Amino acid sequence: MSENTSGATGPSGIQRTAFTAGTAGSSGKPALRKLDTKLAVTNEPRWLQWILIGVAVAYLFLLLFVPLITVFAGALEQGIKAYLGSFADSDTLFAIRLTLIIAAVAVPLNLTFGVVAAWAIAKFEFPGKQILTTLIDLPFAVSPVVSGLIFVLMFGKQGWFGPWLDTHDIKIIFAVPGIVLATVFITFPMVARELIPLMEEQGKEEEEAARTLGANGWQIFRLITLPNIKWGVLYGVILTNARAMGEFGAVSVVSGHIRGLTTTLPLQVEILYNEYNYVQAFAAASLLCFLALLTLAVKAFVEKRVEQSKK
């Protein structure tokens, strides 16, 4: 017995499902069997597949692996003792501490903003919702250098608030507060942009059901919303932390490059390299590379857990 399977063929002409011959059990109904779609969509010639794979691997090797190898090779050029000794420099140690402090301030602020903004956009309807969504993407559209310049024009000595700040002896530009502001601005879309589509996909049904049963807003968020978005939150925090520690453009503009006062680790790498202190420069850069690789490992773990949670 055979059945017409033309209805199971999609627009691409690839048949997704087929009816098997015979019957399923005693019902007499044809059994529906799914074809292997992975084979169906990869029917290009084997030589073309290898060319595409080779181009991708070559591209990654030239733009990712070669720079990483160069950094670690330069850092270890004079041996492990010289490499470890590079971190004994007081300015480098200060840059590491300042980088960690900036990340420790920026990440919780943007985590709070991201969760609140995503919850408001995904769960509520209000005037200006589309404008808020667009503004969240602003740091993606503006160059980091321009972002830093905006803060200089606002809080510098000749800026809008400069005279008032100078009168009250408050320093923002060329000081740690300016670095914090620039870093927060550059990284604030990360958590929100990760959570908004996730919360929109989940819908409002569970929250509405909890509201019907008498739960208040905090209980709904703590017991329903947060467990559903926990992996998305962690993913956004990872991206925010990585960007905060590695930011150069905006921080370079507002910091003033004052050694031992406003130099983060990326700025310290530039200073050491310009002074032809290559081993220390590459050693500091290797630390940033190590943090980036660690971030990628955690990111891959989170992505795996997210996929498992969807099954």
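Which helices each supply at least two residues of the lining of the largest cavity? In this predicted model, these are helix H4 (90-123), helix H9 (176-187) and helix H12 (217-246). The chain that holds them has a secondary structure of 15 helices and 2 strands. Of its 311 residues, 35% count as buried. Among contacts with a separation of 6 or more, 65% are between residues 24 or more positions apart.

The search for enclosed space returned 1 cavity of 30 Å³ or more. The largest cavity holds about 40 Å³ of space. Its lining consists of Thr99, Ile102, Ile179, Thr183, Ala244, Met245, Glu247, Val251, Thr264 and Pro266. Sorted by class, this lining comprises 6 nonpolar, 3 polar and 1 charged residues.

The second largest pocket contains about 230 Å³ of space. Two elements give two or more residues to its lining, namely helix H7 (144-155) and helix H8 (162-167). H8 provides the largest share, 3 residues. The lining of this pocket numbers 13 residues, and Phe155, Gly156, Lys157, Lys171 and Ile173 are those nearest the centre. By class, 7 residues of the lining are nonpolar, 2 are polar and 4 are charged.

In soluble globular proteins, nonpolar side chains tend to be buried together. The largest nonpolar core of the model has 20 residues, and the members that touch the most others are Phe151, Phe155, Ile173, Ile179 and Val254. At least two residues of this core come from each of H4, H7, H9 and helix H13 (249-255). The greatest contribution is that of H9, with 6 residues. Phe151 illustrates the contacts made by a member of this core: beyond its neighbours within four places in sequence, Phe151 contacts Gly156, Ile173, Leu181, Ala182, Phe185 and Val254. A second core, separate from the largest, has 16 residues, including Ile136, Ala192, Ile196 and Val233.

Some residues recur in these descriptions. Phe155 and Ile173 are among the residues nearest the centre of the second largest pocket, and both are also among the members of the largest nonpolar core that touch the most others. Ile179 belongs to that group of core members and also lines the largest cavity.

Ile136, a member of the second core, is also one of the buried residues of helix H5 (residues 129-136), together with Lys129 and Thr133. Viewed down the axis of H5, the buried residues fall within an arc of 60 degrees, so they line one face of the helix. An α-helix has 3.6 residues a turn, so residues three or four places apart point the same way. Gln130 and Ile131 are exposed on the other side of H5. The cover over the buried residues of H5 includes H4, helix H6 (138-141) and helix H10 (189-202).

A further buried position is Gln268, which lies in helix H14 (residues 265-274). Gln268 has a relative accessible area of 0%, and it counts as buried because this value is under 20%. With neighbours within four places in sequence left aside, the residues in contact with Gln268 are Asp89, Asp91, Thr92, Ala95, Arg259 and Thr263.

Key. Residues are numbered from 1 along each chain as its sequence is written. This is a predicted model: local features need pLDDT of at least 70, side-chain atom pairs count only at pLDDT 80 or more; totals for chains, interfaces and linings use all residues. Side-chain values use heavy atoms; hydrogens and water are left out. Helices (H or I, at least four residues) and strands (E, at least two) are DSSP runs, numbered from the N terminus. Buried means under 20% relative accessible area, exposed over 50%, partly exposed in between (1.4 Å probe, protein chains only). Contact means heavy atoms within 4.5 Å. On a 1 Å grid over the protein atoms alone, a cavity is a set of points where a 1.4 Å probe fits but cannot get out, and a pocket is an open set with protein on both sides within 12 Å along at least five of seven lines; lining residues have an atom within 4 Å of a point. Grid points are joined across faces, edges and corners, and a volume is the space filled by probe spheres set on the points. Ala, Val, Leu, Ile, Met, Phe, Trp, Tyr, Cys and Pro count as nonpolar, Asp, Glu, Lys and Arg as charged, and the others, Gly among them, as polar. A nonpolar core is a set of buried Ala, Val, Leu, Ile, Met, Phe, Trp, Tyr and Cys residues joined through side-chain atoms within 4.5 Å. The arc is that of the directions from the helix axis to the C-beta atoms.
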